[in-house]
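Here are a few notes to help you find your way around. Please keep the view open as you read, and follow the points in order.

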Amino acid sequence: MAMKRRFLAMLFAFALAISLFTPALAAEKREVVDLGDGFYAVITLNQEPMTRAGDIAKGSKTGTIYQGGTKIGEAMLVAEFDISGTTARVTSAKISGSGMNGWDYNRGTTGRSGNTATGTAYFTDGNIIRSLTLTLTCSPSGVIS
């Protein structure tokens, strides 16, 4: 009986340790946005796992732009948020991109305001310019959308 209790106590301690130190699973969401004139983007949201004692939430959004069925570019906005207070606050935001199939990634701009990070990527093909704006928002509990 004592051996059984000891085994159950060890099993409980192991389960507790795992639950305290294992980060939450990354959440991923996708949406399709019509950009007009035959262009559309597939947007993917990814939130990095958080540790239970973490004051930082990290996430990214990737946008893949298509013209018809041809992939012409990809942009990624990555942001970090401070969630140690009563509100979330963006602390960093970076955007990067790449063009393909005759399109070039021209440049990217970012903005930070409160709990929102914004990035705009610009793609060019000759005189044609296409832009894609990605936005990440964080709640005080660290949920990124």
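**Notes on strands and charged pairs**

1. A good place to begin is Met-76, which stands opposite Ser-96 in β5. Please keep in mind throughout that this is a predicted model.

2. Next, look at the two strands around that spot. Strand β4 covers residues 70-82 and strand β5 covers residues 89-99; they run antiparallel and are joined by 10 bridges. Together β4 and β5 make a hairpin, with 6 residues between them. As a general point to bear in mind while tracing them, side chains in a regular strand alternate between the two faces of the sheet.

3. Now for the charged side chains. In general, side chains of opposite charge can pair when their charged atoms come close. The count here comes to 4 salt bridges, and three of them are worth a visit, in points 4 to 6.

4. Asp-37 and Arg-130 meet through their side chains in a salt bridge, at 3.1 Å from N to O. This pair links distant parts of the chain: Asp-37 sits in the loop between β1 (27-36) and β2 (39-47), while Arg-130 belongs to strand β8 (residues 128-137), 93 residues apart. Is each partner buried or exposed? Asp-37 is exposed, because its relative accessible area is 69%, over the 50% cut-off. Arg-130 is buried, because its relative accessible area is 14%, under the 20% cut-off.

5. Glu-80 forms a salt bridge with Lys-58, and their closest N and O atoms are 3.8 Å apart. Glu-80 lies in strand β4 and Lys-58 in strand β3 (residues 56-67), so this pair ties together parts that are 22 residues apart in sequence. Glu-80 is partly exposed, with a relative accessible area of 28%, and Lys-58 is partly exposed too, at 33%.

6. Glu-74 and Lys-71 also meet in a salt bridge between their side chains, at 3.8 Å from N to O. Glu-74 counts as partly exposed at 28% relative accessibility, and Lys-71 counts as partly exposed at 31%.

7. What does the side chain of Thr-64 make with the side chain of Glu-74? The answer is a polar contact, at 3.0 Å. Thr-64 lies in strand β3 and counts as buried, because its relative accessibility is 9%. Leaving aside residues up to four places away in sequence, Thr-64 touches Tyr-40, Ala-41, Val-42, Lys-71, Gly-73 and Glu-74. That list includes Glu-74 and Lys-71, the partners of the salt bridge in point 6.

Methods
Residues are numbered from 1 along each chain as its sequence is written. This is a predicted model: local features need pLDDT of at least 70, side-chain atom pairs count only at pLDDT 80 or more; totals for chains, interfaces and linings use all residues. Side-chain values use heavy atoms; hydrogens and water are left out. Two strands pair if DSSP finds at least two bridges between them. Helices (H or I, at least four residues) and strands (E, at least two) are DSSP runs, numbered from the N terminus. Buried means under 20% relative accessible area, exposed over 50%, partly exposed in between (1.4 Å probe, protein chains only). A polar contact is a pair of N or O atoms within 3.5 Å; within protein, one must be able to donate a hydrogen and the other to accept it, and residues adjacent in sequence count only if both atoms are side-chain atoms. Contact means heavy atoms within 4.5 Å.
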